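Work through the exercises below with the sequence and the model open. Try each task before you read its solution.

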Amino acid sequence: MWIVVASPVALPSAKDAGSIGRQILDLVNRARLTGRRCGSKPYPPTAPLILNPALASAALAHSQDMALSGRFDHRGRDGSSPAMRVERAGYGRYLAVGENIAAGAMTPAEVAEGWLDSPAHCENIMDPRFSEIGIAFAVNPSSPELVYWTQEFARPRPSRSFATP
């Protein structure tokens with residue numbers, strides 16, 4: 001006879017997406033404001049990131065694509081790159097774009113901690129070239145990973161202004 005004791009899995013809910021995104025933003029910005037070592041590379045404190053709706057849209061589209069396909073990859077099923085998805089979401093001209101993805105984390109704290117503990121992901125978070133962020137997740141209860149997370153980072157290209165004579 002086997003007795004299995006399990007607790008139900010508490011998946012993040014789409015109705016809480018805004019709150020979850022802000023929780024992750026707070027954790028990321030705390031790291032940026034205090035400085036951090038990403039692997040062997042030290043990063044001094046830098047400016048906080050600002051949530052951007054177009055970047056959030058690109059992040060959501062990629063999280064949904066990964067959740068639907070069960071594929072964990074920076075390249076979308078359609079062959080898209082992070083830069084292509086950011087452009088497709090209407091972000092506009094940018095100087096720099098980056099992306100972090102994760103799968104299997106169940107809470108904002110767990111995914112943020114995982115990204116900050118990974119040198120390459122931490123470098124994206126701490127990179128002073130980025131000024132804006134979009135954060136999203138998608139759930140697929142049929143997938144072994146259950147939850148797929150995406151952060152899109154960017155810095156917009158300054159618009160040109162011309163002096164009038």
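**Exercise 1: the whole chain**

In the protein, 70% of the contacts with a separation of 6 or more are between residues 24 or more positions apart; contact means heavy atoms within 4.5 Å. This is a predicted model, in which local features need pLDDT of at least 70, side-chain atom pairs count only at pLDDT 80 or more, and totals for chains, interfaces and linings use all residues. Residues are numbered from 1 along each chain as its sequence is written, and side-chain values use heavy atoms, with hydrogens and water left out.

Task: find how many helices and strands the protein has, and in what order they run.

Solution.
- Step 1. Use DSSP runs, numbered from the N terminus: helices are H or I with at least four residues, strands are E with at least two.
- Step 2. Count them: 5 helices and 6 strands.
- Step 3. Read from the N terminus: α-β-β-β-α-α-β-α-α-β-β.
- Step 4. Add the extent: the C-alpha atoms fill a box of roughly 90 × 35 × 30 Å along the principal axes.
- Step 5. Add burial: 43% of the 165 residues count as buried. Buried means under 20% relative accessible area, exposed over 50%, and partly exposed in between, with a 1.4 Å probe and protein chains only.

**Exercise 2: helix 5 and the loop after it**

Task: state which residues of helix 5 are buried, and what they pack against.

Solution.
- Step 1. Helix 5 covers 119-126.
- Step 2. Its buried residues are Cys122, Asn124, Ile125 and Met126.
- Step 3. They pack against helix 1, strand 1 (36-38), strand 2 (41-43), strand 4 (94-103), helix 4 (108-117) and strand 6.
- Step 4. Move on to aspartate 127, in the loop between helix 5 and strand 5. Is aspartate 127 buried or exposed? Its relative accessible area is 11%, so aspartate 127 is buried.
- Step 5. Leave out residues up to four places away in sequence, and aspartate 127 touches Arg32 and Tyr43.

**Exercise 3: rings**

Task: classify the ring pair of phenylalanine 137 and tryptophan 149.

Solution.
- Step 1. Rings of Phe, Tyr and Trp (its six-membered ring) pair if their centres lie within 6.5 Å; planes under 30 degrees apart count as stacked, over 60 as edge-to-face and the rest as tilted.
- Step 2. This rule gives 2 aromatic pairs.
- Step 3. For phenylalanine 137 and tryptophan 149, the centres are 5.2 Å apart and the planes stand at 45 degrees, so the pair is tilted.
- Step 4. Place the partners: phenylalanine 137 is in strand 5, and tryptophan 149, 12 residues apart from it, is in strand 6 (residues 147-156).
- Step 5. Both residues are buried.

**Exercise 4: the largest pocket**

Task: describe the lining of the largest pocket.

Solution.
- Step 1. On a 1 Å grid over the protein atoms alone, a cavity is a set of points where a 1.4 Å probe fits but cannot get out; a pocket is an open set with protein on both sides within 12 Å along at least five of seven lines. Lining residues have an atom within 4 Å of a point.
- Step 2. The lining has 18 residues; Ala17, Gly18, Ile135, Ala136 and Phe137 lie nearest the centre.
- Step 3. Helix 1 (17-34), helix 2 (53-69) and strand 5 (132-139) each give two or more residues.
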